[in-house]
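I opened my notebook to follow some helices and a chain contact, and I wanted to write down each term as I came to use it.

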Amino acid sequence: MTDTSTAVPAIAPLLPTDRWRATEIAFWAVAIAAFFVFPQHRVLGSQILITGLFAVSLDLILGYAGIVSLGHAAFFGLGAYAAGILAVHGWGEPLSGLIVAGAVGALAGFATSFLVVRGADLARLMVTLGIGLMLFEAANQMSSVTGGADGLSGVTMGKVFGLYSFDLSGTTAYLYSLGVLFVLFVVARRIVSSPFGLSLRGIRENVRRMPAIGAPVTRRLIAIYTISAAVAGVAGGLLAQTTQFVGLDVFGFPRSADLMIMLVLGGAGRLYGGLVGAAVFMVAHHYLSDLNPVYWQFWLGLLLVVVVLYARGGILGAIEALRDRIRGERT
Amino acid sequence: MLGNLVGVLFDGIAYGSLLFIISIGLSVTMGLMNFVNLAHGAFAMLGGYACVLLMTRAGVPFLATLPVAFVVSAIAGIVLERTLYQRLYKATHLDQVMFSIGLVFMAVAAATYFFGPSQQPMRLPDYLRGQVNVFGLDLGAYRIFLIVVVAALTVALHLLLVRTRFGAQVRASVDNAVASAGLGINVNRVFGVTFALGSGLAGLGGGLGIDVLGLDPTFPLKYMVYFLLVVAIGGAGTIKGGLVAAMILGICDVAGKYYVPQIGSFIIYFLMVVLMILFPAGLYGRRA
């Protein structure tokens, strides 16, 4: 690499451009194409989309603001139970159910954000972990409301827009999840490319310097944590609505840990990393864990160690590095 | 009622001692290298399996297996430290968390593969079983043994850190690694030896704890929160903090499960969140 090439980023505009690139459009085209190419896998597809949305929510706080959370499933689970319990009690309209799920997530996120933004990484890790575990125990104990360990069944959903009912083939679930994912993704994309999003990256890179240039660190972190919790709540609500069941595992630690793995695997701090990671992780899990769940866990662990040691940016990071190298050779 | 209270306190202290001896290595490595190591429980599990296998397959007496557990875990610790951990001291906490979760997953899968998913049977020698009558109270013999062993180890560790040249090097490196290196301390070697010592103590704790904590392949995940809690509440890098935190945790956990079993582990998580909010840097932590 020569001196001129390192100087290029300095003249590039500091605010990221909000223009849609061709690769992004291609990405969404693939998501739509998958609907037609794999009609027998639409249920799995909708699960991937939901998990992808969940991963995007974690990316907002982890990839952009640098908050390491081991308990993001708390908001996912709250959203899932909110949407599920609403439906059990006769409110089966999906979109308003999602809004409630998002609102519950946002409320919980806002309430706990004050605890999370304090302290260093270790304290954050412990607080997020503790909140997640507490909610798990609470849902386990309040079996009259949540169904406890048996899960919440009897979730009967109405039709989307009053027209499309949820079916066993997952057709409605896929398109519904894709639509919600796309809308929220566009919002998230707008957020991270705004000056607000840029200030989050500044906080991630150097939390001491940001107040000096006039960025209120605590308030910014509370805001993004609340937004992220709302998105996670919507993702949870989607899962409850499309599977018409809520199990205790929505609050489980494995869900939070798997989510982080997907994000790191795909590449954090890119938004698309969460989607790619979720797709790769869930497809691999679908085919490999059938062979032997124990082996799956071993290879997953090995993969994590290798990614951290040799491929910090995950899949998308590796692709970007490859692309830069090809471009570098051309010039 | 009063007898109950004393009994619960006693069990809590025994449980806390166990948590302390396993977590102390984590506390030192976290304070020394600022490394968030979620895989610490895996070393304890390794020690536990070493004990069980030696006892059941080779017929070695229980007490003789404990030093072996220490050595096996310490060797595993130093090998991993030199080959893998060392590369990540400068990495972000996220990378360290992911890396160590990966190690935990591999350890869990490997233990399941080699030893099966079930709880390992454990039969204590006869002289450690049953109850001992102390001042009119019936106390578990093994728990007395645990407390005595851990107390002795704590004193030894304290002397090691405060009275020896190596201890002075460790303390200097915890305070300021750069300045210590400048003064000619081989910080790298101090890191390695400390890591091995911490892993060894975890292995010893794992062996001692089979009877109390149980031993199955999910051990590192099941108790991860407890070990991290001891460090987070006590403050990384202090023995005193770790000891106090482990005792608080042990007593609260045992008391909670005894007096209000219906809310189970809720108490410990609640306590953890409250303590982390009140003392983000731990009870004895230094403010950065």
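I began with the yardstick: the expected span of a helix is 1.5 Å times one less than its number of residues, and helices here are DSSP runs (H or I, at least four residues) numbered from the N terminus. I noted that this is a predicted model, in which local features need pLDDT of at least 70, side-chain atom pairs count only at pLDDT 80 or more, and totals for chains, interfaces and linings use all residues. Residues are numbered from 1 along each chain as its sequence is written, while chains are lettered from A in the order in which they are written.

**Helix α5 of chain A.** I looked up residues 94-117, whose 24 residues should span 34 Å at 1.5 Å a residue, and the end C-alpha atoms are 33 Å apart, which agrees. I also found that α5(A) bends by about 35 degrees at A:A111, the bend being the angle between axes fitted to the seven residues ending there and the seven starting there. Just after this helix, A:G119 has a positive phi of about 75 degrees.

**Helix α3 of chain A.** I saw a kink of about 35 degrees centred on A:L58. Since 21 of its 23 residues are buried, α3(A) is largely enclosed by the rest of the structure; buried means that 20 or more other C-beta atoms, placed from the backbone, lie within 10 Å of a residue's own.

**Chains B and A.** I read that 34 residues of chain B are in contact with 34 residues of chain A, contact meaning C-beta atoms, placed from the backbone, within 7 Å. On chain B's side, α4(B) gives the largest share, 16 residues.

Technical notes. Helix = DSSP H or I, 4+ residues; strand = E, 2+ residues; numbered from the N terminus. Contact = placed C-beta atoms within 7 Å. Buried ≥ 20, exposed ≤ 12 C-beta atoms within 10 Å, placed from the backbone.
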